[in-house]
Amino acid sequence: MAVYSHPPEDGYEGVYLRDHLDDVARRASEIVPDEATTPDRESLQQVVETLAYVHDFGKATTFFQEYLRHGTEPEHKPCRYHAPIGSFAAYYALDAQGFGPETCLAGFVAVAKHHGQLPDVTQYIYKRAYTSENSTEGAETNNEQLQAAIAMQLNDIEKHVPGLAADILDDATNSDGSWDGFRHSYKELLDEIAAAVATESGTTISRESLSESCYGLTLEVWGSLVLADKTSAASRSEETDSDSTYGAKQPSLQVLDDYVAELEASSPADPNGSRTERLNHYRSRARSAVVENAKQFAEAGGGVATLTLPTGMGKTLSGMSAAQTVRDELGSERVVYALPFTSIIDQVVDEIKDIYGTDTLGRLLTAHHHLSETTIVDEDDVDADDADMNDDVAGMLAESWRAGLTVTTFVQLFESLAGPANKQSMKIPALRDSVVILDEPQSLPLDWWKLVPRLVAILTEQYGATVIAMTATQPQLFNDATERGGDVTELVDDPDVYFRATERVQYELDASTERYIETQEVPKSYADAGAELLTTVDSGESTLAVCNTIDSARALFNELIDNEDSLLSVGDIYADELSTVKTTADIDPKTLASRIEERSDRSILHLSTRLRPVDRLKLIETAKRLTDDGHSLITISTQLIEAGVDISFDRVYRDLAPIDSIVQAAGRCNRSFEREQGRVVVWWLDVPGEQQKTPAEAVYNQGATLLPVAAETLDAVREEGTLLSETSVARTAVTEYYRTLHADKNVGKQEYTGYVDDVRGDKLGELSLIDQRNAVDIIICRTEAEREQVEQVRGAWSQYEFDRVHRLMDGLKEARVSIPVYYGESDKKEKLSQLNRVHSDTDVRWLDVRKHGLGEYFDQNTGFVIPDSTAERRIL
């Protein structure tokens with residue numbers, strides 16, 4: 001009888017089980033480096049190869065073969081499941097070769113869940129193996145039914161394909177075990193596995209039975225097996241050069257050095273020259289010092305390093321140089337560059353593309369910021385056996401970070417380390433021996449501030465990775481010594497030197513902030529705020545006001561646009577231009593800026609996540625050209641403009657916020673030293689509309705009350721009057737602020753780290769850096785091309801062209817906004833449900849803004865709106 005792992009279908013020949021197992025084992029040996037070890041110093045490569053040989057062992061049964069070929073379900077349905085028997089074979093094969101108990105258990109779970117997600121590992125192991133001889137229940141438990149099915153599968157394999165089973169177990173155990181040894185010891189294995197995680201009485205689990213390194217071990221062997229298996233299945237086990245399949249092309253440090261040298265040659269640097277020349281001198285000095293310190297850091301073994309430089313000191317290039325220096329010194333293969341927001345990834349990627357003359361389609365560079373992963377059905381569910389049949393190899397390799405440099409988000413990185421979905425786990429092998437840059441780590445949610453250092457410890461201590469955290473406002477997340485790397489290393493010799501050299505702004509505490517410090521009463525009205533912004537722009541200055549919520553930004557924008565006719569709306573002019581072109585790409589920001597300047601010497605712009613990403617990018621580029629030209633522009637924005645947007649204003653107003661956010665906002669002021677000093681004003685804005693709390697309190701006083709700490713710290717570093725120097729805020733206040741958060745507020749949820757120590761994959765899988773579970777995604781069509789593309793999606797869906805649907809939906813990503821719907825907002829949910837789905841099997845809606853009756857859902861200045869909604873407005 002021919003035994004298949006994947007049947008003949010869709011023009012493909014079938015893949016024989018033995019060929020698939022051999023292929024997955026071969027791939028595993030390429031994915032896992034030769035020198036990689038488990039926490040017990042065993043060969044990790046040998047572990048994963050062993051799992052590869054047995055992961056689909058259960059497919060050898062006639063039960064599975066009948067289901068595979070004819071869809072016939074066995075009378076005892078669990079007999080069809082292939083992963084459970086494979087998990088016991090994995091434990092046996094590892095144990096036979098002398099691997100330690102924890103490694104055997106990790107292998108057991110990895111095979112059991114190679115189509116699923118990590119469970120509560122201790123509980124899962126116990127339930128799968130525990131049997132009750134004296135059960136008083138009238139029927140068998142599900143696990144006992146599954147164990148009975150495995151016994152039937154063993155008999156079936158012995159009856160029909162004993163030779164195949166003998167060959168597989170011989171290879172899996174490296175001849176240290178056998179098929180007969182496995183099938184005859186199955187009942188003893190149940191007792192042994194259950195006892196490994198049980199209390200002395202044997203009736204309950206013992207969470208202390210597994211070590212703190214078990215989670216990292218299980219995660220890595222599982223992710224490595226999943227990657228090898230899925231890429232093999234998608235390739236139909238065709239023979240390929242695995243080195244080329246999984247290998248990376250490394251960006252050259254020399255090319256980066258040459259690029260920086262060319263920049264420096266075109267920009268004179270002199271410590272005693274003009275302000276620009278002094279800035280260039282300090283940039284060059286900082287990068288040279290960082291590279292030298294990175295080399296010494298690597299020679300000392302790596303671990304965790306920080307890179308602390310102010311805005312404008314070339315942090316991105318210095319960080320890239322440091323990472324590649326460490327990579328070359330330690331013989332690493334990959335660099336992973338993680339940022340907090342998708343909005344700034346493109347800017348970093350574009351710079352890297354310019355440096356290396358490459359795109360994001362090859363093995364040198366990958367940009368990965370897709371915020372959702374395909375979930376494959378758990379092995380215990382009916383369709384789990386079909387889960388590995390529909391994947392694309394090229395897409396899998398990109399999403400598994402096999403390129404030499406991957407630019408991604410904190411969401412992708414840390415959610416792939418904490419309870420990843422099945423496909424997300426395929427990234428884990430790429431992190432082995434990698435160099436990971438964390439850009440702006442202070443942006444991580446406070447709840448994760450204890451978990452992230454724990455995950456970083458797994459990276460550095462178990463996976464041999466090196467981590468570099470770089471920002472102007474170090475949150476002191478990694479101050480504790482690490483077992484492998486010792487104390488955290490600062491790659492900048494004396495950060496204060498650079499902060500003093502680049503002082504661009506002074507900070508001012510508005511009277512409303514003074515009132516917050518004293519009494520927390522009487523915030524600044526939007527009328528008063530609008531009047532102050534008009535006074536500033538009347539003096540010829542460009543001005544940015546950063547608000548804490550979308551509703552606050554709208555309230556301030558409306559205050560100005562409704563009461564000042566002479567302000568030209570940039571959004572209106574953009575909409576006029578958009579109505580005359582076929583695609584958004586046809587809009588030229590330079591031309592748009594010129595037309596605005598021709599019509600008025602004062603203009604106003606609104607920015608928030610309710611605008612489509614493609615529109616935001618065009619508008620930000622237009623605003624940059626306007627401010628570069630000295631045009632008097634007022635920009636009202638949410639926090640999205642704080643993160644890496646390369647635009648400079650003469651004056652910045654920031655609603656009261658944590659100090660790191662205030663410093664980030666200050667990075668948009670006098671960015672290129674257009675004047676001697678810019679001014680950053682911190683005010684406390686009033687409640688917008690009918691809400692109950694000011695935006696600052698609504699956002700930052702949930703859980704840990706951050707505002708009093710921020711306000712009191714700012715007040716403490718003032719010497720006299722209301723003005724504060726940039727260094728006193730960016731260095732003294734930041735340091736004291738984070739010290740207070742850690743020491744006094746004890747920020748971060750300790751139970752999250754407990755989930756790692758207790759190997760609670762189920763609990764970790766529930767965590768998220770962002771909450772999009774209650775969001776509705778809407779594609780907003782503003783051009784004819786976008787309308788046509790939506791119709792193409794609908795047509796492709798009706799023709800069952802699902803790959804084309806996926807490609808077309810990806811192409812509409814930049815026209816999509818995400819609207820959160822919270823508990824109790826039934827009115828908002830009802831309004832959103834009135835929009836049509838793009839196709840019948842998606843929750844993504846679409847909106848044609850020019851269609852009669854739907855224009856009320858969209859404002860060309862402020863973006864998507866909920867028409868006539870009485871529900872409480874929420875924060876994005």
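Here are some short exercises with worked solutions on this predicted model.

**Exercise 1. The three-stranded sheet**

Task: Work out in which order the strands of the sheet β19-β18-β20 pair, and find what packs on the sheet.

Solution:
- Start with the order. Three strands make an open sheet with mixed pairing, and they run β19-β18-β20.
- Next, find the edges. β19 (816-820) and β20 (845-848) each pair on one side only, which makes them the edge strands.
- Then look at the twist, which averages 30° from one strand to the next.
- Now add the helix. α36 (residues 826-833) packs on the sheet and touches β18, β19 and β20. The direction of α36 makes about 150° with that of β19.
- Finally, zoom in on one pairing. Strand β18 (residues 775-781) and β20 are parallel, with four bridges. In β20, W846 is the bridge partner of I779.

**Exercise 2. The largest nonpolar core**

Task: Find which residues of the largest nonpolar core touch the most other members.

Solution:
- The core holds 173 residues, and those with the most contacts to other members are F57, F182, F414, L417, L438 and W448.
- Ask next which helix gives the most to this core: helix α11 (residues 214-234), with 10 residues.
- Take W448 as an example. Beyond its neighbours within four places in sequence, W448 is in contact with several residues, among them F414, P453, Y752 and L769.
- A separate second core has 43 residues, including A298, L317, L364 and V492.

**Exercise 3. Is S632 buried or exposed?**

Task: Locate S632 and decide how accessible S632 is.

Solution:
- S632 belongs to strand β14 (residues 632-637).
- The relative accessible area of S632 is 9%. Buried means under 20%, so S632 is buried.
- Leaving aside neighbours within four places in sequence, the contacts of S632 include V537, E541, D601 and R602.

**Exercise 4. Two aromatic pairs**

Task: Among the 19 aromatic pairs in the whole structure, classify Y4 with Y16 and Y282 with Y498.

Solution:
- For Y4 and Y16, the ring centres are 5.1 Å apart and the planes lie at 10°. Planes under 30 degrees apart count as stacked, so this pair is stacked.
- Y4 sits in strand β1 (residues 4-6) and Y16 in strand β2 (residues 15-16). Y4 is buried at 14% relative accessible area, whereas Y16 is partly exposed at 40%.
- Y282 and Y498 are 6.1 Å apart, centre to centre, with 90° between the planes, and the pair is edge-to-face.
- Because Y282 lies in helix α14 (residues 275-299) and Y498 in helix α21 (residues 495-501), their pair ties together parts 216 residues apart in sequence. Both Y282 and Y498 are buried.

Terms used
Residues numbered from 1 in each chain as written. Predicted model: local features only at pLDDT ≥ 70, side-chain atom pairs only at ≥ 80, totals over all residues. Heavy atoms only, no water. Pairing = 2+ DSSP bridges. Helix = DSSP H or I, 4+ residues; strand = E, 2+ residues; numbered from the N terminus. Axes fitted to C-alpha atoms, helices over the stretch in contact; angles between N-to-C directions. Contact = heavy atoms within 4.5 Å. Core = buried A, V, L, I, M, F, W, Y, C linked by side-chain atoms within 4.5 Å. Buried < 20%, exposed > 50% of the residue type's maximum accessible area, 1.4 Å probe, protein only. Phe/Tyr/Trp six-rings, centres within 6.5 Å; stacked < 30°, edge-to-face > 60°.
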